[in-house]
Amino acid sequence: MNIKLYKILITVLLTISFTACDIDTVDKSALSPAQALDNAAGVQSVVLSAYRIAHEFNFYGQQVNLHGDAFADNIEIVNRTGRYEQEWVNGIGVYANRWATAYRGINDTNYALKFLAELPIAKVPSSGTLSSQQVLNHLRGEALFIRSLYYMELLRVYSYEPGKEVNGFNLGVILRDTPTEVVSDADKRARSTNLESYQFVEADLLEATNLLLPASAIGAAWPASLGTNTFPFRATRAAAHALLARHYLNWSRFADADTQATTALTLVPTAAPVAAASWVASWSTATHPESIFELEIRATDWSGVDGPNNSMNSITTNMLGGSQYVLAASAELIAAHEASDVRRNLYITTAATLNKPQSRKWPGEKGAFVENIPVIRRSEMYLIQAESRARQNNDAGAQTAVNAIRTNRGLTATALTGTALIDLIMNERRVEFALEGFRFYDFKRLGLDIPKPAASGVATLPYTDFRMLQQLPNDQVLLNSNLEQNPGY
Amino acid sequence: MKKILLVKIFSMLMLVTSVAWAQDRTVSGRVTSADDGSGLPGVNVLLKGTDTGSITDVEGNYRLSLPTTGGTLVFSFVGFVTQEVAVGSRAVVDVQLASDVKQLSEVVVTGYGVQEKRTLTGSISSLKGDVLQNVPIQSVDRGIQGRLAGVQVSSQSGQPGGALNVRVRGIGSINASNDPLWIVDGVQMGRFGQSTQGSSNPLGSINPNDIESVEVLKDAASSAIYGAQAANGVILVTTKKGKKGKTKLEINAQYGTTQPFNLYEMMNGQQFAAIKEESYRNAGLPVATSYATFGDPNESNLESHDWVNEMFQNGQLGTYDLTMSGGDEKTSFLLSASYQFQEGQIIASDWKRGTARLNITHKPNEKLTIGANLSLAYQRTFGSIANGNFVNGPFQAAFTAQPTSSPYTPEGGFALYPTRAPGSHLFGYNIKQGVEEELRLGRTPQTVSSFNIAYEIMPGLTLSGFAGVDASFGTDRNERPGSIPVFAGGQISATSRRTISYNTNATLNYTKKFGEIHQISGLAGFEYRKEERGGITASQFTYPNPALRLLSSGATARPAGEFFFDNARQGVFGQVKYAMKDRYIADFTLRRDGSSRFGSNSKYGTFYAGSVAYRITEESFMDGITWLDDLKIRAAYGKVGNSDIADYDWFTAFGSPGGNNAGYLGGSTLRLARLGNDLISWENEIQTSAGIDFALFGSRVTGSVEYYDNLTQQLLFDVPLPTDSGVGSVRGNSGEVRNNGFDIELGAVVIDRGSFKWNVTANLSTLKNELVSLPNNQQRIGNTLIVGEPISFNYLFQFAGINPANGKAMIYDTLGNLSYSGVARDAAVRGSNIPTYFGGLANNFSYKGLNLEVFFQYQGGNQAFNGDLYNLYASGSSANNQLVSQLERWQNPGDITNVARSFQGGVIDGFAQNFGTFGSTQFQSDASYMRLKQVTLSYSLPSNLISKMNLTNVRVFIQGLNLWTFTKFDGIDPEVVSNNSGTGVSTFGVYPVAKQFMGGITIGL
């Protein structure tokens, strides 16, 4: 070989090393917000993300449904896995992760609201029956509805209801209505008052009731290019009224609660509660027939171990292999059923259930632990009507409403009045919504002490106990000097 | 090689000229190495006071004509002590040359070149490959453990072929990687691409037996030439090359066993049932329930099953190597192949590897050198679930599984677990069945290969080009058959990934000596590096039969996933070194680097180092001090960088969350993937060091002492944001971490008498790690980072023992009062996971062909929080089997013990006995340890015996690894304690390292 060849070789090699000098790379998995959200489908995907977060396991996927019962007197621990044991005895600082989860969802809705406001109407599809403006309004209403859902879950855990403060502690939560787009948006905010927070949610929901389409106007009418939008899996006008009814009830604004519940019931495709004969079966129906708003879950939404590790079915039953069966009904909950109540049939006590009353409200009917999570049911509207009317001394109206439930649960119509009627309605709520997370908050919103089951060995928790409010995440209090911790922590 | 060539030419001339002289007789002989008796080729043999001389041939033989008067022969060879021998009347003069322990002319590999050790100004720890030879390790990082000062190596897992953590001079980064840059024959190794089915090692494709030397560049002076990638240290691995001479063949084979040791001692069936009965009774629960669930302790023939024994095993391991090397004037080569396998100490866990290597160098003429280092490896890892509180991981469940439940049905199949109340414990997972039936397979073919070319433009000036690649193409399979109840129907997932990292560079080297006083050398170059990794994951559930194992047989579709990441860097660099009279030495390095990981305004950074050395022993006034052979003081200062963060952190991104979060109601979801910060740039580390190198008493004692102080600034920090913003953190450049301490290396020939020799090498490093500042002048971030503390610590309550009155566990609150529970303010920093000292001690004894190597490795000053105790040290309050130590539980008022009252649920009157979120110091213990890491006894057969068989070397050996450990740690293995950093738990269900015993043979021909 002659020397020139080597010179060529080395030249080639040097050239390669010098020319390979492009150091710009592209992330193929992501877009800038402006690129991602310049069209209706993109913004809708952000709204869908907010729905998806809502059924994470530390939200409606599990903990929201079970904490409210574990904190009070509806459950007993079966398998000692460590889970819900602290909650059962109202331990300190057991429930902090709801904070970050809710605000992730809230930030999604804030992104959606901002980019919907900037979206040219020409970029919003229409359908034969829906105009672009209606579609845009509906998406906006959905974002407001979900934002309210998150704020309400935060408020009931971390704040006293307005008018029910202990020692005048009236802080609500941090209110954010714009997205975090740059670092300076993530400023260190203080908590608004509980009243401001409640008013914020009220305004959102009132606006949502005006923007959202009724259940009958979505479904097939929804623009095909935006995919599926079927009742009750996404927000509708009925759902917004129903959520507002719940919000007013929490706020003890009973007249408003009654009005909203009544409106909600006029807007749903079917108004009547499920009949007694089909009530137990309704819980093994993929879509609960009473749902006004229900979170849809598919097998693909979970990893291979999410079912046994975290599903409602695994935590509350041992129907499937690998279940945890942490919780069963407390003796007190079973005793709260009247003799002919069909809801009592939901509990099975055998050797296989380790001789504890096992609830079949969460039977994993979609297969492999999977099932949807009803968030608002029609029966709640009837019981809101009943309680609101009773607390306004409209016993007749209250009886009508509560009897709509009782007669569909194998019970006789009640003729009770006054306090006895109120007590009956509260017991109806307890029995009807067991393992749906209402029990603790039905005492808290009224400023009442929390009864505890005998098996827990824990005394009644006085309303004035600091544990009535949960601890804010400690790291957030350390990070944000403007964030005031709840008293006692 | 060139030198030998010149000498040969010279000796031929000598032969020619000597013929002309009147010569009277001939002397001949063989020159051998005193170390191993092998013949030394190329030794210069000179008749003292004359020009008469010769050179030994490849066997070490020489022949020389002498005057009748005889005289004195001088034998000299690089690396050996020159020897003078009076010939007298002898016709045969055989000589053994002793190696020169001074090693002053030793050459070490440095960034883009080599340097003589004596003129080094920076801090480089060097390990010769012979330490790694035939040791049953799978990767080079395990081989350097305890061998080098300033380099802390700890196992991430005892999985055969598993990963290790290597930390050079402390831990400087909090959120960026702390891994050093590994460079194998110039190829910058990628950090990714390993199987996820079991711990596996990025260096696993390199056969340690192929390694010639390992050099660790520890300070800025030595590493700044790698600029932006050097902050965590740079480790250069050089593989063996062929040498000129007869083609040599070496065969190694060894075989042995691997054994678990120091496992937890668990309760038997009767003990377990009894403590369960007591916990139920104490909690006011019906004992009948306990009997039904856990067994009745009063039953005389209550079953008892030893799950630990079911799950652990003695494994086998073997290594087979073949190396062939040789060369001539122009071409040299080394060809090697190996096969290695090792079974784990846990059932269904093993690792296999085959490697092949060809290193070849060709010199067509004096000016040009071209070479290639080609390697291929195939690794197959059968992994275990470890390092976490996983109920389907054997290192959790083997200990927690109830002894009153059998793994098997009476028919011999796998039983539902636990047999008395299926599903009531460990999610109903029968760990024996799970581990036996689940397939966790990672298969990775990998090549680390490079090509180089060098051209000497003029004497002293060389232009070089280099291109190298580290590429792997792995597949993982995870098969969970439907026969395991919790995976009803069966679940199979597969991942296919490709990981490619390549780098190219061009360098210009210059060396020039001006007279005898000034020497200048320099280096300039350009480098480009690109890393790209991508892959596809897919899974399907529900199979008609566990034997049908292709994804396409599954009935239930699962979300598929694809990932892709890439990054690129480029840099220009230069170095200038000046030495005056070999006495005053100064070195300056500069590098400018750019990275795709940063925004357009902050892509580039400049890094530098300056260093000086003063070799005092070269001064004339030192001539009288004969016991001092060498004394050098040196100091260095520089700035190096780190950019090992995620690839695209600088821009704000909206994307699909993917996988299980990819949709709602059949529609796709989109959310903020990260908040970007286009101002982020390099993390900088300011490194300052000063040291002394010395050699005493005829270089029988050598060593160095060095102080270093590394200040990492502008940390690539995940600056926490209030989570109510919907975003947890943003990447920023903020905060500072300091690491400082001493590196001490010492070597001594303790005894060198006759054929007996005792060598000691020892090293000790100290480390103080401190968080200096946090973003926005915060003093702390939650309970995980506190200014003034190390960057990793255990934040715990102070355990106060068990109340003798009622058996409840207590802590001290902030005021020092006894309390049954605590809140955040009662917890504090109680210890750090970061060792404050570490090192090793090697003794080598040799007598004729016998050699005994005894090596200890140690580290200490760290506290480990043993998460296993949450499960196992719980007074029988849960369904988990318990340590036998729990028999010491509190039972009656007045009992003094550290084990709380047995109480079903572990929550007495609302007080969790393990203190919930924070935990207490009860589960923390001193994880300092000293381990007898390696003992090797070998015997090399005498050369006169084996030469008859035409062999050059036969060595038989036996060796053991991890033979003995001294520690106070209360877990299984103090070497594997820092896997779960960030979770506050040092160790949870970890895969401990195993004891190994091997026997083997090396044959050379």
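Two strands count as paired if DSSP finds at least two bridges between them, and the legends below use pairing in that sense for a predicted model.

**View 1. A strand pairing across the contact of chains A and B in the predicted model.**
Strand E1(A) and strand E31(B), the latter covering residues 653-655, pair in the antiparallel sense over two bridges. Within this pairing, Ala30(A) has Gly655(B) of E31(B) as its bridge partner. The contact takes 84 residues from chain A and 79 residues from chain B. On the side of chain A that touches chain B, the elements that give two or more residues are helix H1 (3-19), strand E1 (30-31), helix H2 (33-36), helix H3 (40-54), helix H5 (85-88), helix H6 (98-118) and helix H19 (474-479) of chain A. Sorted by class, that side of chain A has 40 nonpolar, 27 polar and 17 charged residues. The model as a whole scores ipTM 0.91 and pTM 0.84.

**View 2. The three-stranded open sheet E45-E46-E47 of chain B.**
The three strands follow one another in the order E45-E46-E47 in chain B, and their pairing is antiparallel. Strand E45 (798-802) and strand E47 (818-819) of chain B stand at the edges with a single partner strand each, so one side of each is left without a neighbour in the sheet. Strand E46(B), made of residues 809-812, pairs with E47(B) in the antiparallel sense over two bridges, and here Tyr812(B) stands opposite Leu818(B) of E47(B).

**View 3. The five-stranded open sheet E10-E15-E16-E13-E14 of chain B.**
In this sheet of chain B the strand order is E10-E15-E16-E13-E14, and the pairing is mixed. Strand E10 (124-128) and strand E14 (187-188) of chain B are the edge strands, and each pairs on one side only. Strand E13(B), residues 181-184, is joined to E14(B) by two bridges, and the two strands run antiparallel; Ile183(B) stands opposite Gln188(B) in E14(B).

**View 4. Strand E7 of chain A and its antiparallel partner E3.**
Strand E3 (residues 291-295) of chain A pairs with E7(A) in the antiparallel sense over four bridges, and Ser291(A) has Arg377(A) of E7(A) as its bridge partner. Five of the five residues of strand E7(A), residues 373-377, are buried, so this strand is largely enclosed by the rest of the structure.

**View 5. Helix H9 of chain A and the loop before it, with a cis peptide bond.**
Most residues other than glycine have a negative phi, and most peptide bonds are trans. The peptide bond from Phe231(A) to Pro232(A) is cis, with omega near 0°, and Pro232(A) has its place in the loop between helix H8 (194-211) and helix H9 (237-250) of chain A. Helix H9(A) has 14 residues and reaches 20 Å from its first C-alpha to its last, close to the 20 Å expected at 1.5 Å a residue. As 14 of the 14 residues of H9(A) are buried, the helix is largely enclosed by the rest of the structure. Just after H9(A), Ser252(A) takes a positive phi of about 60°.

**View 6. Loop residues with a positive phi, Tyr325(A) and Gln714(B).**
Tyr325(A), although it is not a glycine, has a positive phi of about 45°, and it is found in the loop between helix H13 (312-316) and strand E4 (327-329) of chain A. With 24 other C-beta atoms within 10 Å, Tyr325(A) is buried, because a residue counts as buried if 20 or more other C-beta atoms lie within 10 Å of its own. Gln714(B), also a residue other than glycine, has a positive phi near 50° and lies in the loop between strand E36 (701-713) and strand E37 (716-720) of chain B. Gln714(B) is partly exposed, with 19 other C-beta atoms within 10 Å.

**View 7. A cis peptide bond before Pro418(B).**
Tyr417(B) and Pro418(B) are joined by a cis peptide bond with omega of about -20°. Pro418(B) lies in the loop between helix H7 (394-400) and helix H8 (431-437) of chain B.

**View 8. Prediction confidence along chain B.**
The mean pLDDT of chain B is 88, and 96% of its residues reach 70 or more. Confidence in chain B is lowest in helix H1(B), residues 2-20, at a mean of 42, and highest in helix H6(B), residues 307-311, at 95. Over residues 1-23 of chain B the pLDDT stays under 50, and for this stretch the model has 16 contacts beyond four places in sequence. Residues 979-983 of chain B also have pLDDT below 50, and this stretch has ten contacts in the model beyond near neighbours in sequence.

Note on methods: Residues numbered from 1 in each chain as written. Chains lettered and ligands numbered in written order. Predicted model: local features only at pLDDT ≥ 70, side-chain atom pairs only at ≥ 80, totals over all residues. Contact = placed C-beta atoms within 7 Å. Nonpolar A, V, L, I, M, F, W, Y, C, P; charged D, E, K, R; others polar. pLDDT = per-residue confidence, 0-100. Buried ≥ 20, exposed ≤ 12 C-beta atoms within 10 Å, placed from the backbone. Expected span 1.5 Å × (residues − 1).
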